[in-house]
Amino acid sequence: MSLADAVNRWLHRHPEFQTPAPRTEQSAGTPETARLDIELPPTLRNHPPPDEFEQMQAIARKFDVAARAERNRALGRAGEERVLAHERAFLASAGRADLAERVRWVSEEDGDGAGYDIENYSPKAGLD
């Protein structure tokens, strides 16, 4: 929503952007495209426009991005640990201790590249 708010603020400050520019004809009869307003090119630095910089700094002071990322990682890890314990307990309670021992925490052991976090089994695996 902050992106939508920023766009709305910009459009409010630049109402001419929403009004189509009048088309003019060149004397040779070739249509000329609408006038282009060329502004200064953006800098190579990744800074917001000066009029929004202070507002963004105020938000950043209130919002600790690194702390949120750490909380998200801890929550994700706790969730994966819970699923791992559940799957092992489920298989053990179904009489499949052999499969419970084979349940793997793939993202912890092999990394995040597999596309899944926990490798588990159906209690009916190998019974067919």
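Of the 128 residues in the chain, 11% are buried. The model is a predicted one. Its accessible surface amounts to about 10,900 Å², and carbon and sulfur atoms contribute 57% of this area. The chain comprises five helices and four strands, arranged from the N terminus in the order α-β-β-α-α-α-β-α-β. Among contacts with a separation of 6 or more, 37% involve residues 24 or more positions apart.

Six salt bridges are present in the structure. Several of the charged residues belong to a network of salt bridges that links R104, E109, D110 and E119. Within this network, R104 is paired with E109 at an N to O distance of 3.0 Å. A salt bridge also connects the side chains of R104 and E119, with 3.2 Å from N to O. This second pair links distant parts of the chain, since R104 is located in strand β3 (residues 104–105) and E119 in strand β4 (residues 118–119), 15 residues apart. With a relative accessible area of 25%, R104 is classed as partly exposed. The same class applies to E109, because its relative accessible area is 47%, and to E119, because its relative accessibility is 24%.

A further salt bridge is formed by D98 and R96, whose closest N and O atoms are 3.0 Å apart. The two partners fall into separate accessibility classes: R96 is buried, at a relative accessible area of 12%, whereas D98 is partly exposed, at 41% relative accessibility. The assignment of R96 follows from the cut-off, because buried means under 20% relative accessible area.

E80, a residue of helix α3 (residues 65–93), is buried but takes part in no salt bridge. The nearest side chain of opposite charge is that of R77, at a distance of 6.3 Å; this separation does not satisfy the salt-bridge criterion, because a side-chain nitrogen must lie within 4 Å of a carboxyl oxygen. The side chain of E80 is instead joined to that of W105 by a polar contact of 2.6 Å. When residues up to four places away in sequence are not counted, E80 touches W105, S107, D117 and I118.

Helix α3 also contains V65. This residue counts as exposed because its relative accessibility is 51%. Together with I59 and F63, V65 forms a nonpolar patch on the surface, and the three residues have about 270 Å² of accessible area together.

Terms used: Residues are numbered from 1 along each chain as its sequence is written. This is a predicted model: local features need pLDDT of at least 70, side-chain atom pairs count only at pLDDT 80 or more; totals for chains, interfaces and linings use all residues. Side-chain values use heavy atoms; hydrogens and water are left out. Helices (H or I, at least four residues) and strands (E, at least two) are DSSP runs, numbered from the N terminus. Buried means under 20% relative accessible area, exposed over 50%, partly exposed in between (1.4 Å probe, protein chains only). Lys and Arg count as positive and Asp and Glu as negative; His and the chain ends are not counted. A polar contact is a pair of N or O atoms within 3.5 Å; within protein, one must be able to donate a hydrogen and the other to accept it, and residues adjacent in sequence count only if both atoms are side-chain atoms. Contact means heavy atoms within 4.5 Å. Patches are made of residues with over 30% relative accessible area and no salt bridge: like charges are joined within 9 Å, nonpolar side chains (Val, Leu, Ile, Met, Phe, Trp, Tyr) within 5 Å. Accessible areas come from the Shrake-Rupley method with a 1.4 Å probe; for residues, only the protein chains shown count as cover.
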